[in-house]
Amino acid sequence: MKLLEQRILKDGKVLPGGILKVDSFLNHQLDPKLMYEMALELKRLYDGEGINKILTIEASGIAIAIMVGLVFDCPVVFAKKSKTKNISDNVYSTEVESFTHGNTNTVVCSKEYLGASDRVLIVDDFLATGAALVGLKELVELSGGTVVGAGIAVEKVFQGGGELLKSKGMRVESLARIASMSDHSLEFVQDN
């Protein structure tokens, strides 16, 4: 998606350690118009797939997931990285390693919000190693639901997460695909 790529080049910052800082428009301060355009593109890519639920993981995937839920006219569920007092014990749970935070979380989702009749689009802001999406896929499978695919804002292709998910049979659609990052620069995958 050229609009997102242009915004990354204009306002994104490449930091040491394979970090792309896009918090001025994607995951700290948000650009609602850009989020809406990204949601419309994911709707175009997955239209006709019978999606009736959007799933993401807290916290930075929530903003784009809400916009995607808006254009699909369906609920958005987010897996929590910790079980709080207001969530019953009736949950699906799995372990998820975070590339950005360098830790592992037990993520949970109430059984009330995921079920066998759900056709789920998993949405997130970033795809690096794929660990978060593998965990979300597992939550849907535990519920008996169907993962239709994943809609990602930014995929760091060089970290292999997209290929990992595809090897597990998941359709992955990423709006900006970064081929490489180094020394404060990046290159996008050039689609033919």
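Cys 74 is buried, with a relative accessible area of 13%. Cys 109 takes part in no disulfide, as its nearest cysteine sulfur, that of Cys 74, is 14 Å away. That is a handy way into this predicted model, whose protein chain has 5 helices and 10 strands. Below you will find the cysteines, the overall fold, a helix, a lysine, the salt bridges and a residue after the last-listed strand, β10.

**Cysteines**

- A disulfide needs two cysteine sulfur atoms within 2.5 Å, and by this rule the count comes to 0 disulfides.
- For Cys 74, the closest cysteine sulfur belongs to Cys 109, and 14 Å is too far for a bond.
- Cys 109 is buried as well, because its relative accessibility is 2% and the limit for buried is under 20%.
- Cys 74 turns up again further down, among the residues in contact with Lys 53.

**Overall shape and packing**

- For 192 residues, a compact globule would have a radius of gyration near 16 Å, and the protein chain agrees with this at 16 Å.
- The C-alpha trace spans about 45 × 35 × 35 Å along its principal axes.
- Buried residues make up 46% of the 192 in the protein chain.
- Taking contacts with a separation of 6 or more, 61% come from residues 24 or more positions apart.
- About 9600 Å² of the protein chain is exposed, and carbon and sulfur atoms supply 48% of that area.

**Helix α3**

- Helix α3 covers residues 62-72, and 8 of its 11 residues are buried, so the rest of the structure largely encloses it.
- Its buried residues are Ile 62, Ile 64, Ala 65, Met 67, Val 68, Gly 69, Val 71 and Phe 72.
- Which elements cover these buried residues of α3? The cover includes helix α2 (32-46) together with β3, β4 (76-79), β7 (119-127) and β8 (146-156).
- Asp 73 follows α3 and has a positive phi, near 55°.

**Lys 53**

- Lys 53 sits in strand β3, which runs over residues 53-57; β3 is also one of the elements covering the buried residues of α3.
- Is Lys 53 buried or exposed? Lys 53 is buried, because its relative accessible area is 11%, and buried means under 20%.
- A polar contact joins the side chain of Lys 53 to the side chain of Asp 118, at 3.3 Å.
- Setting aside neighbours within four places in sequence, Lys 53 is in contact with Cys 74, Pro 75, Val 77, Tyr 113, Leu 114, Asp 118, Arg 119, Val 120 and Leu 121.

**Salt bridges**

- How many salt bridges does the structure hold? There are 13 salt bridges in the structure.
- Glu 49 and Arg 119 form one of them, with their closest N and O atoms 3.9 Å apart. Glu 49 lies in the loop between α2 and β3 while Arg 119 is in strand β7, so this pair ties together parts that are 70 residues apart in sequence.
- Both partners are partly exposed: Glu 49 has a relative accessible area of 29%, and Arg 119 has 30%.
- Arg 119 is also among the residues in contact with Lys 53.
- Lys 21 and Asp 23 meet through their side chains in a salt bridge, at 3.2 Å from N to O. Lys 21 is partly exposed at 35% relative accessibility, and Asp 23 is partly exposed at 26%.
- The side chains of Glu 173 and Arg 171 likewise meet in a salt bridge, at 3.1 Å from N to O. Glu 173 is partly exposed, with a relative accessible area of 22%, and Arg 171 is partly exposed, with 29%.
- A network of salt bridges links Arg 7, Lys 10, Asp 11 and Asp 31.

**Asp 191**

- Where is Asp 191 placed? Asp 191 belongs to the segment after β10, a strand that covers residues 185-188.
- Asp 191 counts as exposed, because its relative accessibility is 61% and the limit for exposed is over 50%.
- The C-alpha atom of Asp 191 is 25 Å from that of Ala 131, and the two are 60 residues apart along the chain.

Terms used:
Residues are numbered from 1 along each chain as its sequence is written. This is a predicted model: local features need pLDDT of at least 70, side-chain atom pairs count only at pLDDT 80 or more; totals for chains, interfaces and linings use all residues. Side-chain values use heavy atoms; hydrogens and water are left out. Buried means under 20% relative accessible area, exposed over 50%, partly exposed in between (1.4 Å probe, protein chains only). Helices (H or I, at least four residues) and strands (E, at least two) are DSSP runs, numbered from the N terminus. A polar contact is a pair of N or O atoms within 3.5 Å; within protein, one must be able to donate a hydrogen and the other to accept it, and residues adjacent in sequence count only if both atoms are side-chain atoms. Contact means heavy atoms within 4.5 Å. The radius of gyration is taken over C-alpha atoms; the globule rule is 2.2 Å times the number of residues to the power 0.38. Accessible areas come from the Shrake-Rupley method with a 1.4 Å probe; for residues, only the protein chains shown count as cover. A salt bridge is a side-chain nitrogen of Lys or Arg within 4 Å of a carboxyl oxygen of Asp or Glu.
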